Amino acid sequence: MKVAIAGAAGRMGRALLEAAAGDREVSVVCAFDAAAGADLKIVSDPAAVAQADVVLDFTRPEGTLALLRHAKAMVIGTTGFTEEDRGCIAEAAKRIPIVMAANFAVGVNTVYKLAETAARILGEAYDVEILEAHHRHKVDAPSGTALQLGEIIAAALKKKDFVFGRKGMLGERQPRQIGFHAIRGGDIVGEHTVIFAGAGERVEVTVRSQSRATYANGALRAAKWLHGRPPALYAMSDVLGL
Ligand code: NAD
């Protein structure tokens with residue numbers, strides 16, 4: 001399978017180039033980035049990605065939108081889209097197959113399912129708190145993955161009162177709450193724990209991402225799954241058969 005890597009000069013692009021180099025089933029026919037680099041044969045014309053079966057995109061929203069016109073199929077890992085951008089992606093998915101996910105790590109997607117199952121079994125009697133930890137350069141909090149976990153659990157429990165951190169005399173914890181807590185420091189790649197705290201026991205589901213290779217490997221898995229599928233907007237849960 002021929003792949004193009006968009007955002008090739010970035011952190012994820014480099015992780016993808018490394019993952020693809022170790023994968024016999026894929027060959028990189030195009031490394032694309034708005035910023036050309038001397039050490040890589042990077043092209044800056046989005047039309048160049050047309051030669052690939054699947055484009056792996058980890059750029060910025062404007063980069064993704066420009067590539068949609070040229071790609072035969074696309075794995076979108078870029079985040080930060082507006083509602084209007086999402087509309088453009090949904091429109092493009094009528095012509096080409098697209099897998100889009102805010103987190104391509106297979107372990108994280110497994111934890112989505114485990115947390116949903118735990119919420120269904122444990123139900124209202126267990127208080128839910130979500131902890132996440134990331135490196136000091138991360139600008140947003142809580143992480144998109146923590147919010148996604150919260151949404152999944154809220155849907156399973158049919159309750160949604162998100163609380164972001166706690167301080168001061170707030171009174172007792174209300175059962176409808178789902179609490180979020182963010183830790184920032186050093187070079188932590190990404191950690192998420194969901195705590196289900198009941199009377200007499202506590203269940204914790206944790207995933208720790210130790211390197212960006214986990215996102216790159218998940219994105220490559222999505223690209224292989226996508227190749228030859230009919231046009232539609234797919235999620236990572238489709239790729240993993242969840
Ligand atoms: P980065 O800043 O290191 O790399 C982004 C690259 O894209 C840069 O080299 C930049 O020159 C290039 N770029 C920017 N605008 C462009 C455009 N218009 N056209 C072409 N190239 C453009 O960032 P990163 O850490 O590699 O992350 C990239 C994106 O992927 C972010 O949106 C991030 O949130 C997302 N991300 C997603 C996952 C996931 O699993 N879905 C995992 C990690 C990062």
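A molecule sits in a pocket if more than half of its atoms lie within 2 Å of the grid points of that pocket. The legends below apply this to a predicted model.

**View 1. The ligand in its pocket.** The largest pocket is the space taken by the ligand. In this predicted model, the pocket holds about 1,200 Å³ of space. Its lining counts 38 residues, and Arg11, Met12, Arg60, Gly77 and Thr79 are the closest to its centre.

**View 2. The shell around the ligand.** The ligand has 22 residues around it. Arg11, Met12, Asp33, Thr79 and Phe104 come nearest. By class, the shell holds 10 nonpolar, eight polar and four charged residues.

**View 3. Polar contacts of the ligand.** Two side chains and one backbone are shown here. The side chain of Thr79 places an N or O atom 2.6 Å from a ligand oxygen. For the side chain of Arg60, the distance from an N or O atom to an oxygen of the ligand is 2.9 Å. Ala101 uses its backbone: an N or O atom there lies 3.0 Å from a ligand nitrogen. How much of the ligand does the protein bury? The ligand taken alone exposes 860 Å², and the protein buries 79% of that. Helix H1 (11-21) and helix H2 (61-68) are the elements that give two or more residues to the shell around the ligand.

**View 4. Walls of the largest pocket.** H1, H2 and helix H5 (144-157) each supply at least two residues of the lining. Which element gives the most? H2 does, with four residues. The lining divides into 14 nonpolar, 17 polar and seven charged residues.

**View 5. The second largest pocket.** This pocket has a volume of about 620 Å³. It is lined by 26 residues, of which Met100, Ala101, Ala102, Tyr112 and Gln148 are the closest to its centre. Ala101 also appears in View 3, where its backbone lies 3.0 Å from a nitrogen of the ligand.

**View 6. Helices that line the second largest pocket.** Helix H3 (83-92), helix H4 (106-122), H5 and helix H7 (236-239) are the elements that give two or more residues to this lining. H5 gives the most, with six residues. H5 also supplies at least two residues to the lining of the largest pocket. By class, the second lining has 13 nonpolar, nine polar and four charged residues.

Conventions. Residues are numbered from 1 along each chain as its sequence is written. This is a predicted model: local features need pLDDT of at least 70, side-chain atom pairs count only at pLDDT 80 or more; totals for chains, interfaces and linings use all residues. Side-chain values use heavy atoms; hydrogens and water are left out. A residue is near a molecule or strand if one of its heavy atoms lies within 4 Å of it. A polar contact is a pair of N or O atoms within 3.5 Å; within protein, one must be able to donate a hydrogen and the other to accept it, and residues adjacent in sequence count only if both atoms are side-chain atoms. Accessible areas come from the Shrake-Rupley method with a 1.4 Å probe; for residues, only the protein chains shown count as cover. On a 1 Å grid over the protein atoms alone, a cavity is a set of points where a 1.4 Å probe fits but cannot get out, and a pocket is an open set with protein on both sides within 12 Å along at least five of seven lines; lining residues have an atom within 4 Å of a point. Ala, Val, Leu, Ile, Met, Phe, Trp, Tyr, Cys and Pro count as nonpolar, Asp, Glu, Lys and Arg as charged, and the others, Gly among them, as polar. Grid points are joined across faces, edges and corners, and a volume is the space filled by probe spheres set on the points.
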